[in-house]
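Here is a note for a colleague who is opening this structure without having seen it before. Please keep the sequence and the model side by side while reading the points.

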Amino acid sequence: MKIKYDRDACQGHNRCYMLAPELFDTDDEGYAILLVDGDVPAELEEKAQLAADNCPEFAIEIIES
Amino acid sequence: MGVSDLEFNPFGFSHHDDPYATYKRLRDEAPLYWNDELQFWALSRFDDVLEGFRDTELLSSAGGIALENRRPIGESIGFDQMIEFDPPEHTVLRKLVSRVFTVRTVARMEDEIRSIFTHYLDRIVERGAAEVVSDLTSPFPMDVISAVLGVPPEDREHLRISSDKIMIREDGVMSVPPEAAEGMFGLLEYFMADLPKRKAGEGSGLINDLVGFEVDGRALTDEELLGFCVLFVIAGHETTTKMVANVLELLSRHPEQKAAVAADLSLVPGAIEEVLRFHNSTQYMHRTLTRDHEMHGRRMKAGDSVLLVIGAANHDEREFGPTAEEFDIFRRPERHLAFGYGAHFCLGAALARMEGKVAVEEIFRRIPDYEVDHDAKVRFHSSNVTGWRSLPITFPVREPVGG
């Protein structure tokens with residue numbers, strides 16, 4: 001599983017950071033920073049999905065490999 | 001479609017007592033419901049409401065966000081709130097203030113929020129009885145948002161009383177009663193007198209920041225500044241006041257879950273999340289159609305009113321399964337629509353969650369054995385905000401801790 005994050009769509013709602021801090025950080029203005037490069041560790045796949053489901057801007061996409 | 005006895009009137013006091021039976025019928029029998037008397041459509045299924053929030057091109061906020069305040073798209077009411085703007089104008093204004101309410105900024109406020117709440121809790125613990133709303137849940141979020149805005153302590157009571165009045169509605173009546181207009185006038189009058197002082201350099205806080213901000217090379221207009229002030233006061237106080245009281249009331253009616261929270265405070269965030277889903281302060285948002293549109297086999301016209309019924313969507317079995325209508329703090333809903341969705345997703349969501357967490361934790365730390373006097377509680381009647389006007393509780397007398 002990979003995560004695709006669209007910085008332009010992000011409006012800084014912080015939902016991903018709240019729900020999956022292992023996968024997302026935020027900058028000072030609240031925009032998300034994707035912390036994983038490449039495959040999401042198996043134990044965090046559920047959290048990745050949770051973050052994607054909760055993004056109000058649909059800025060996070062899950063790509064199943 | 002045949003004649004139906006299904007009626008959804010968001011202004012009916014009897015509807016406020018139990019909206020959920022009506023909501024279920026809306027979802028099952030009339031997913032796109034038309035109220036001919038009040039001239040509005042209502043969407044009630046989770047997927048429809050979510051998509052309604054997302055599609056700001058189809059469903060505009062610029063015609064007002066409450067049914068009773070609707071007006072032709074773009075008509076000015078003297079103050080411009082970003083909540084009643086659409087992208088891209090909305091995006092520009094929101095960017096100015098989004099950093100103030102991020103999860104991180106809010107996390108840094110936790111100690112201050114806790115000391116504010118403890119102050120109010122200390123005033124009641126020796127009494128053995130309290131009225132939750134006026135003693136605790138109403139003054140405390142007003143203090144928090146006032147601290148952010150830079151409203152001096154001596155002015156907060158006036159703003160709080162004005163803001164409370166704004167939401168008041170009469171049974172079954174859509175028009176705004178004089179008391180509510182008076183409340184709005186109270187807020188506007190205060191900030192119209194306050195803003196020139198801020199511009200002259202008096203005071204500090206978010207209002208002063210706003211006065212100094214520029215968008216597209218110009219300062220914010222007076223209408224925009226007033227819009228921000230009014231929005232922050234109302235949104236920062238009203239829904240949180242109701243939400244925290246709703247948590248206490250709902251837990252008292254579910255004694256096993258209340259005992260579980262008392263035994264393990266780490267359950268508090270889950271309990272708050274379930275209250276947001278199960279009985280959200282904000283029951284619906286109003287939108288205006290920008291063009292003709294067809295849904296569920298019915299044709300809607302440009303300019304029509306559409307209600308996105310959050311309270312109904314959050315009970316949808318299609319999203320939350322067969323137990324959707326049950327209150328369960330262990331549910332951990334993966335998503336819900338309490339704070340809306342998309343561009344207008346509640347700016348203060350992180351702050352509201354933090355305020356709720358701190359308040360409920362402190363109550364369960366100090367008076368976990370509180371009991372609600374269910375015969376004496378009084379409902380708050382509004383069109384889209386639900387909660388308690390008065391929620392009396394009793395508990396064994398305790399010592400204040402100071403703070």
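The numbered points below go through helices, cores, sheets and a few single residues of this predicted model.

1. A good place to begin is the pair of helices α12 (residues 222-252) and α14 (residues 268-278) of chain B, whose axes lie 10 Å apart and meet at an angle of about 100 degrees. Since angles of 65 to 115 degrees count as roughly perpendicular, α12(B) and α14(B) are therefore described as roughly perpendicular to each other. On the side of α12(B), the contact is made by B:Met243, B:Asn246, B:Val247 and B:Leu250, and on the side of α14(B) by B:Ile272, B:Val275, B:Leu276 and B:Phe278. Sorted by character, the residues of this contact comprise seven nonpolar and one polar, with no charged residue.

2. How many of the residues of α14(B) are buried? The helix is mostly covered, with 10 of its 11 residues buried, and among them are B:Val268, B:Gly270, B:Ala271 and the charged-type names B:Glu273, B:Glu274 and B:Arg277. The buried residues of α14(B) pack against α1 (15-19) of chain A and, within chain B, against α2 (19-29), α12, α13 (255-263), α16 (317-320) and α17.

3. Helix α17 (residues 349-366) of chain B contains B:Arg353, a residue that counts as buried because its relative accessibility is 9%, where the cut-off for buried is under 20%. Leaving aside residues up to four places away in sequence, B:Arg353 touches A:Arg15 and A:Met18 of chain A, and B:Ile272, B:Glu273, B:Leu276, B:His336 and B:Phe339 of chain B.

4. The largest nonpolar core holds 93 residues, and those that touch the most other members are B:Val97, B:Phe101, B:Phe140, B:Leu206, B:Phe232, B:Ile367 and B:Tyr370. The element that gives the most to this core is α12(B), with 16 residues. As for B:Phe140, when residues up to four places away in sequence are not counted, the residues it touches are B:Ile113, B:Ile116, B:Phe117, B:Tyr120, B:Val244, B:Glu355 and B:Ala359. There is also a second, separate core of 22 residues, which includes B:Leu59, B:Met285, B:Val306 and B:Phe320.

5. Chain B has an open sheet of five strands, in the order β1-β2-β10-β7-β3 and with mixed pairing. The edges are taken by β1 (32-35) and β3 (59-60) of chain B, each with a single partner strand, so one side of each is left without a neighbour in the sheet. Strand β1(B) runs antiparallel to strand β2 (residues 40-43) of chain B and is joined to it by four bridges, with B:Phe40 in β2(B) as the bridge partner of B:Asn35. Helix α3 (residues 46-54) of chain B lies across β2, β3, β7 (284-289) and β10 (305-309) of chain B, and runs at about 120 degrees to β10(B).

6. An open sheet of three strands in chain B follows the order β4-β14-β11, with antiparallel pairing. Which strands stand at its edges? They are β4 (129-131) and β11 (371-372) of chain B, and each has a single partner strand, so one side of each lacks a neighbour in the sheet. Two bridges pair β11(B) with strand β14 (residues 392-394) of chain B in the antiparallel sense, and B:Glu371 stands opposite B:Thr394 in β14(B).

7. Strands β12 (residues 378-380) and β13 (residues 387-390) of chain B pair in the antiparallel sense over three bridges, and they form a hairpin with six residues between them. The bridge partner of B:Val378 in β13(B) is B:Ser390.

8. In chain A, the side chains along strand β1 (residues 2-5) alternate: A:Ile3 and A:Tyr5 point to one face and are buried, whereas A:Lys2 and A:Lys4 point to the other and are not. Strand β1(A) runs antiparallel to strand β4 (residues 60-63) of chain A, joined by four bridges, and A:Tyr5 stands opposite A:Ile60 in β4(A).

9. A last residue to check is A:Asp25, placed in strand β2 (residues 24-26) of chain A and partly exposed, with a relative accessible area of 22%. Not counting residues up to four places away in sequence, A:Asp25 touches A:Tyr17, A:Tyr31, A:Ala32, A:Ile33 and A:Leu35 of chain A, and B:Arg104 of chain B. Between A:Asp25 and A:Asn14, which are 11 residues apart in sequence, the C-alpha to C-alpha separation is 8.7 Å.

Notes
Residues are numbered from 1 along each chain as its sequence is written. Chains are lettered from A and ligands numbered from 1 in the order in which they are written. This is a predicted model: local features need pLDDT of at least 70, side-chain atom pairs count only at pLDDT 80 or more; totals for chains, interfaces and linings use all residues. Side-chain values use heavy atoms; hydrogens and water are left out. Axes are lines fitted to C-alpha atoms, for helices over the stretch in contact, and angles run from 0 to 180 degrees between N-to-C directions. Angles under 35 degrees count as roughly parallel, over 145 as roughly antiparallel, 65 to 115 as roughly perpendicular and the rest as oblique. Contact means heavy atoms within 4.5 Å. A nonpolar core is a set of buried Ala, Val, Leu, Ile, Met, Phe, Trp, Tyr and Cys residues joined through side-chain atoms within 4.5 Å. Buried means under 20% relative accessible area, exposed over 50%, partly exposed in between (1.4 Å probe, protein chains only). Two strands pair if DSSP finds at least two bridges between them.
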